[in-house]
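Trainee: Before I use any of the labels attached to this model, I would like to understand how each of them is reached. Could we take them one at a time, setting each value against its rule?

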Amino acid sequence: MSVTSDSLKSVKGSRRKSAPSPWRQKKIKPAKDTGGLASLNGKWGYLFTAPFFIMFLIFGLAPIVYSTVIAFFNWDPIGEIKYIGLQNFTELLADDRFWLALGNTLEIWALSTFPQLAMSIGLAAILRNKFLKGKTAWRTVLLVPNITSVIAVAIVFGQLFGRDFGMINNVIELFGFPRVDFIENSFASHVAIATMITWRWMGYNALIFLASMLAIPEELYESASLDGASAWKQFLYVTLPGLRNTITFVLIVGTIGGLQVFAEPLTLGGGLSGGSSRQFSTLTLFLYEQAFASYQWGYAAAVGILITVIVLIVSVINFVITRRLSSEDTK
Amino acid sequence: MAKLFANKRFLTSVSALALLGVMSIGITPAQAEDAPVKVTVWSFGDVIQRDLVRQYQALHPNVTIEYTKYNLDDVNGTKLITQCSAYKLTKKLGGPDIVAVEVAYSGKWRATPSCFQDLRKMETSTTNVSAGVKAGLSATDLKSDYLPWRWAQGVGYDDSVIGIPTDVGGLEVAYRSDLFKAAGLPYQRDAVSKLWPTWDKFVETGKKYVAKLTAAQKKKNFSFIDDAGSIYTAMLNQGTSKYYDNDGTDAGKLVYKTNPAIKKAWDTTVAAMNAGISSKTAQFTADWPVGMNNGKFAVILSPAWMTEYIKAQAPTTKGKWDIANIPVGGGNQGGTQLTIPAGAVNKQAAYDFMTWYLAPAQQLQMFKKYGLFPSTPSLYSDPAVSGYNDPFFNNAPVGKIYSDGMLKLKPIFEGTCQRAIDMAFGAGLGRVQAKKQTSAASWTATLAALSKDKCLTTGN
């Protein structure tokens with residue numbers, strides 16, 4: 001907004017001058033207030049961006065500051081409040097429940113991210129096909145899981161994964177394998193949660209990949225096919241390199257979301273502790289448990305800060321890897 | 001012009017004065033009574049029934065009862081905590097006028113009576129006199145109407161009264177008489193009650209039942225009771241103390257490590273699990289209603305309100321169910337109090353609604369319409385309750401069985417970390433049931449986890 005009005009003014013101003021030299025143009029100061037929109041010298045810009053910043057202050061910055069402060073307190077929301085310095089953090093680092101939750105979270109993240117990545121790229125490749133009929137319909141359908149309520153997803157999947165009457169176990173038994181307890185078995189519960197996440201986000205990511213694929217110049221494919229490259233070779237050597245940045249983007253966004261998995265494990269077991277041996281307790285579930293079952297807001301805030309630190313570390317690793325990849329690209 | 005203006009102002013002030021005068025003479029009281037009031041209620045489940053709310057609004061056209069149903073953990077955990085901490089921070093009135101608090105959370109809330117209006121200091125107004133609620137009644141006057149142990153769940157550590165009991169759960173045994181018959185067990189309710197005077201005998205009966213199941217059924221976890229974990233809770237509630245002892249201090253004394261009642265309940269539950277009499281179907285999961293229908297289990301420890309749930313989920317099993325006495329006798333699961341938060345705006349209107357809603361006459365209506373069992377023992381001799389037979393449960397005298405059980409219970413002291421401790425022991429039993437740990441190892445792990453739990457170590 002402000003940029004356009006300023007540049008318009010400078011163009012107008014330059015017209016009035018006899019010698020419209022580009023060097024002089026820079027020195028021309030914005031016109032004095034003459035009334036009207038332009039006279040506010042871009043102050044309108046602040047007004048129009050204000051709603052975002054006001055919302056961010058209330059719902060973003062204020063909670064961040066608040067939780068950072070209470071992390072240094074023994075903070076019972078309706079009881080005693082006492083400053084205890086770094087004690088929450090030292091206790092947290094010695095708390096095996098925290099490390100268990102971290103391990104669970106990373107395992108669920110890995111189980112949900114990598115298969116999902118492969119599947120959504122595959123889906124996008126199918127959708128890119130020129131001869132596919134009903135393209136818009138397919139693309140719309142892909143988004144349906146994403147707009148379904150997480151709780152509804154968890155309930156339906158809870159039935160599918162049921163130990164005694166669940167459909168998935170019926171299929172497993174059909175192939176002669178023993179029934180799996182998708183709640184009590186640690187790894188199986190992670191698979192169940194990862195499946196819910198994958199189902200929910202696969203289509204969404206496929207659309208991002210599709211958009212990126214469509215941006216790859218058609219000539220590359222033409223010359224590749226002239227050189228005799230098969231469809232698979234084209235995918236490997238033209239499509240995948242073209243998707244590199246998108247893959248990084250999806251990975252980073254997926255990591256941030258993946259480290260905050262909450263609703264799925266909560267509804268799978270129905271409790272805040274994430275199963276009888278905490279086998280699917282994730283970081284955010286642990287945070288919630290500390291805040292609202294043990295009423296330890298300070299401790300929970302400390303968990304929240306550590307989650308932020310972990311997300312930062314993982315994002316930096318991601319960033320460094322991408323930088324290295326793209327610099328290799330330019331060599 | 002100016003003169004006219006002045007005249008106008010003069011006229012206005014005169015008429016305003018006149019109006020004030022009229023109001024002060026006689027209209028004021030009537031106006032106060034008819035001023036529209038909105039009472040906001042936060043509840044969960046079936047605590048607030050629409051029919052009764054409509055009745056109350058018909059009695060008092062100026063009162064609107066606006067109630068919202070939440071998830072229990074949301075309303076008693078998150079929402080009430082943020083509401084109270086916000087009130088303590090800003091001292092601003094607002095938010096709900098009535099909040100339903102469940103017994104699982106009562107330990108926590110009894111520790112912070114400052115979050116609630118002390119109901120001993122409230123008095124009923126004249127508004128419900130014609131509907132049977134006398135004027136000038138404080139909570140102290142109402143106390144004798146309710147079951148003592150139920151009343152105690154709404155009393156704060158400082159003896160302030162923070163809540164008045166709604167219905168009562170009780171706990172008896174709902175069983176499938178057809179399956180009992182097929183297994184060669186006695187199946188008439190009196191004979192069944194005699195099968196298990198103790199919990200050990202209950203486990204014995206379960207073993208006999210399970211012995212008759214086919215291998216294919218066992219493979220799908222068909223068994224005797226839906227979830228053996230419910231035995232633990234039932235046994236604890238039959239005692240006089242759980243995790244805390246009332247030693248006269250505000251917080252009570254933590255005794256979960258030494259209280260023999262807990263170890264005994266744990267051991268009996270483990271014995272039931274090891275005997276294979278549990279179908280390992282947790283209540284309110286997807287598999288639970290399926291099991292009610294297909295006979296995966298023959299027994300549910302059922303509070304009175306759960307009988308309605310069974311009817312709704314397994315309508316085709318009508319007549320196959322029956323109700324027998326719980327082992328030892330007397331039991332309870334759940335229970336809710338209606339409270340008025342300290343920051344409520346319309347406390348008087350809220351108190352008037354609450355005292356009407358929870359009075360014996362209305363509790364009787366709720367029992368007749370929704371099967372919610374009254375917490376006011378004066379009704380137990382009412383023919384509508386004592387003579388109530390339920391055709392779904394093979395015409396069992398449900399009213400009599402449950403009211404006999406209710407009168408056997410004693411108050412139990414609930415402490416702040418009640419819920420955290422309950423969850424830890426529940427998880428411990430879950431590990432034994434899933435065969436992840438032996439009973440001894442799980443018990444040790446549970447105590448170790450609790451000794452590190454911040455709720456207990458920070459001593460609040």
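Trainee: What makes B:Val328 count as buried, partly exposed or exposed?

Mentor: This is a predicted model, and the label rests on a count of neighbours: B:Val328 has 16 C-beta neighbours inside 10 Å, while a residue is buried at 20 or more and exposed at 12 or fewer, so B:Val328 counts as partly exposed. The residue sits in the loop between β9 (321-324) and β10 (336-339) of chain B, and its phi is near 70 degrees, a positive value in a residue other than glycine.

Trainee: B:Asp159 also has a positive phi, of about 70 degrees, although it is not a glycine; why is B:Asp159 called buried or exposed?

Mentor: B:Asp159 has 9 other C-beta atoms within 10 Å, and because 12 or fewer is the rule for exposed, B:Asp159 is exposed. Its place is in the loop between α6 and β4 of chain B.

Trainee: And how do you know whether B:Gly170 is buried or exposed?

Mentor: With 29 other C-beta atoms within 10 Å, set against a threshold of 20 or more, B:Gly170 is buried, and this in the loop between β4 (163-165) and β5 (172-176) of chain B. Leaving aside neighbours within four places in sequence, B:Gly170 is in contact with several residues, among them B:Pro303, B:Asn332, B:Phe373 and B:Tyr402. The C-alpha atoms of B:Gly170 and B:Leu409 are separated by 9.2 Å, although the two residues are 239 apart along the chain.

Trainee: What makes helix α11 (residues 229-237) of chain B mostly covered?

Mentor: Each residue is put to the burial rule in turn, and 9 of its 9 residues are buried; they include B:Gly229, B:Tyr232 and B:Asn237. These buried residues pack against α9 (199-211), α12 (260-274), β8 (299-302) and α19 of chain B.

Trainee: How do you know that the length of helix α12 (residues 244-258) of chain A agrees with what a helix should span?

Mentor: At 1.5 Å a residue, counted over one less than the number of residues, the 15 residues of α12 of chain A should span 21 Å, and the end C-alpha atoms are 20 Å apart, which agrees. Seen down the axis of α12(A), the buried residues fall within an arc of 105 degrees, so they line one face of the helix. Those buried residues are A:Val250, A:Leu251 and A:Gly258.

Trainee: Why would residues that are not adjacent in a helix point the same way?

Mentor: An α-helix has 3.6 residues a turn, so residues three or four places apart point the same way.

Trainee: Turning to chain B as a whole, which two domains does the assignment give, and how many residues of each are in contact with the other?

Mentor: The assignment gives domain 1 (34-167 + 335-381) and domain 2 (172-333 + 393-457) of chain B. The centres of these two domains, taken over C-alpha atoms, are separated by 30 Å, and 21 residues of domain 1 are in contact with 19 residues of domain 2, where contact requires C-beta atoms within 7 Å. On the side of domain 1 that touches domain 2, the largest share, 6 residues, comes from α4(B), and by class that side has 13 nonpolar, 5 polar and 3 charged residues.

Trainee: How many residues does each chain bring to the contact between chain A and chain B?

Mentor: The contact takes 29 residues from chain B and 25 residues from chain A. The residues on the chain B side divide into 10 nonpolar, 9 polar and 10 charged.

Trainee: Finally, which residues touch the most other members of the largest nonpolar core?

Mentor: That core has 172 residues, and those touching the most other members are A:Ile193, A:Val303, B:Ala350, B:Phe353 and B:Met354. Helix α9 (residues 186-214) of chain A gives the largest share of this core, 11 residues. As for B:Met354, leaving aside neighbours within four places in sequence, its contacts are B:Ile98, B:Ile164 and B:Leu338.

Conventions
Residues are numbered from 1 along each chain as its sequence is written. Chains are lettered from A and ligands numbered from 1 in the order in which they are written. This is a predicted model: local features need pLDDT of at least 70, side-chain atom pairs count only at pLDDT 80 or more; totals for chains, interfaces and linings use all residues. Helices (H or I, at least four residues) and strands (E, at least two) are DSSP runs, numbered from the N terminus. The arc is that of the directions from the helix axis to the C-beta atoms. Two residues are in contact if their C-beta atoms, placed from the backbone, lie within 7 Å. Ala, Val, Leu, Ile, Met, Phe, Trp, Tyr, Cys and Pro count as nonpolar, Asp, Glu, Lys and Arg as charged, and the others, Gly among them, as polar. Domain bounds come from an automatic or database domain assignment. A nonpolar core is a set of buried Ala, Val, Leu, Ile, Met, Phe, Trp, Tyr and Cys residues joined through C-beta atoms within 7 Å.
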